[in-house]
Amino acid sequence: MPEWNLTGSRMFSHAAKFIDAYHMVLQPLCRATGLPPMAVDILLFIANNPENNTASDVCQCRGLKPGIVSVHVDRLVNEGLLVRAESVSDRRKTRLACTEKARPVIEEGRRLQKAFAARLADGIAESDMESFRRTLARFGQNLEGILHHGL
């Protein structure tokens, strides 16, 4: 395995900067809606990933703590942006769905997400982006292996 200069602390630092920058990009939408960045992020996650539509899915896919997700989901429901529905296939699960009222928030959020992604990739050749996508996919597979089987 080649020796490389991407240490764990550097990876964590980039991840933290990524989240900070993403939430900064969402700030105009947060100010307009009065919602905190995490609530907007959860709403957009559910809108963009309708197959992952439970609070548990949000926790698992985004690595968030259940208490935090619960607080923001409650707020989104109270604001009329999400609705809860009992799962048809498993009555123990509660599905979350975006409402019509959420549509403008979702549309603006998606616009900001696209602008963020474009700015992040600024100056990177498409061939390098394709290599990066493959690398991230492999990282994902390797991480799953580590989580399920260890090193």
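**Figure 1. Surroundings of helix H2.** The buried residues of helix H2 are covered by elements that include helix H1 (8–33), helix H3 (55–62), helix H4 (66–78), strand S1 (82–86), strand S2 (94–98) and helix H5 (103–120). The structure shown in this and the following views is a predicted model. Helix H2 is mostly covered, with 9 of its 12 residues buried. The buried residues of H2 are Ala39, Val40, Asp41, Ile42, Leu43, Leu44, Phe45, Ile46 and Ala47. Helix H2 comprises residues 37–48, and its end C-alpha atoms are 16 Å apart. This separation agrees with the expected span, because 12 residues at 1.5 Å a residue should also cover 16 Å.

**Figure 2. The whole chain, for orientation.** The chain contains 6 helices and 2 strands. Read from the N terminus, its elements follow the order α-α-α-α-β-β-α-α. The C-alpha trace spans about 50 × 40 × 25 Å along its principal axes. Of the 151 residues in the chain, 26% are buried. Among contacts with a separation of 6 or more, 47% involve residues 24 or more positions apart. The chain exposes about 10,600 Å², and carbon and sulfur atoms supply 58% of this area. The chain carries 20 positive and 17 negative charges, and the mean positions of the two sets are 2 Å apart.

**Figure 3. Aspartate 41 and its contacts.** Aspartate 41 is a residue of helix H2. Is aspartate 41 buried or exposed? The relative accessible area of aspartate 41 is 4%, and the cut-off for a buried residue is under 20%; aspartate 41 therefore counts as buried. Leaving aside residues up to four places away in sequence, aspartate 41 touches Tyr22, His23 and Arg62.

**Figure 4. Arginine 62 in helix H3.** Arginine 62 is located in helix H3. With a relative accessibility of 36%, arginine 62 counts as partly exposed. Which residues does arginine 62 touch, not counting residues up to four places away in sequence? They are Asp41, Phe45 and Asp57. Both Asp41 and Phe45 appear among the buried residues of helix H2. Arginine 62 and phenylalanine 45 are 17 residues apart along the chain, and their C-alpha atoms are separated by 8.8 Å.

**Figure 5. Aromatic rings of helices H1 and H5.** A search of the whole structure finds 2 aromatic pairs. One of them, formed by phenylalanine 18 and phenylalanine 116, is edge-to-face, with 5.3 Å from centre to centre and 75 degrees between the planes. Phenylalanine 18 lies in helix H1 and phenylalanine 116 in helix H5, so this pair ties together parts that are 98 residues apart in sequence. The relative accessible area of phenylalanine 18 is 41%, and this residue is partly exposed. Phenylalanine 116, in contrast, is buried, with a relative accessible area of 10%. Ring pairs join Phe18, Tyr22 and Phe116 into a cluster. Tyr22 is also one of the residues touched by aspartate 41.

Key
Residues are numbered from 1 along each chain as its sequence is written. This is a predicted model: local features need pLDDT of at least 70, side-chain atom pairs count only at pLDDT 80 or more; totals for chains, interfaces and linings use all residues. Side-chain values use heavy atoms; hydrogens and water are left out. Helices (H or I, at least four residues) and strands (E, at least two) are DSSP runs, numbered from the N terminus. Buried means under 20% relative accessible area, exposed over 50%, partly exposed in between (1.4 Å probe, protein chains only). Contact means heavy atoms within 4.5 Å. Accessible areas come from the Shrake-Rupley method with a 1.4 Å probe; for residues, only the protein chains shown count as cover. Lys and Arg count as positive and Asp and Glu as negative; His and the chain ends are not counted. The place of a charge is taken as NZ of Lys, CZ of Arg, CG of Asp or CD of Glu. The expected span of a helix is 1.5 Å times one less than its number of residues. Rings of Phe, Tyr and Trp (its six-membered ring) pair if their centres lie within 6.5 Å; planes under 30 degrees apart count as stacked, over 60 as edge-to-face and the rest as tilted.
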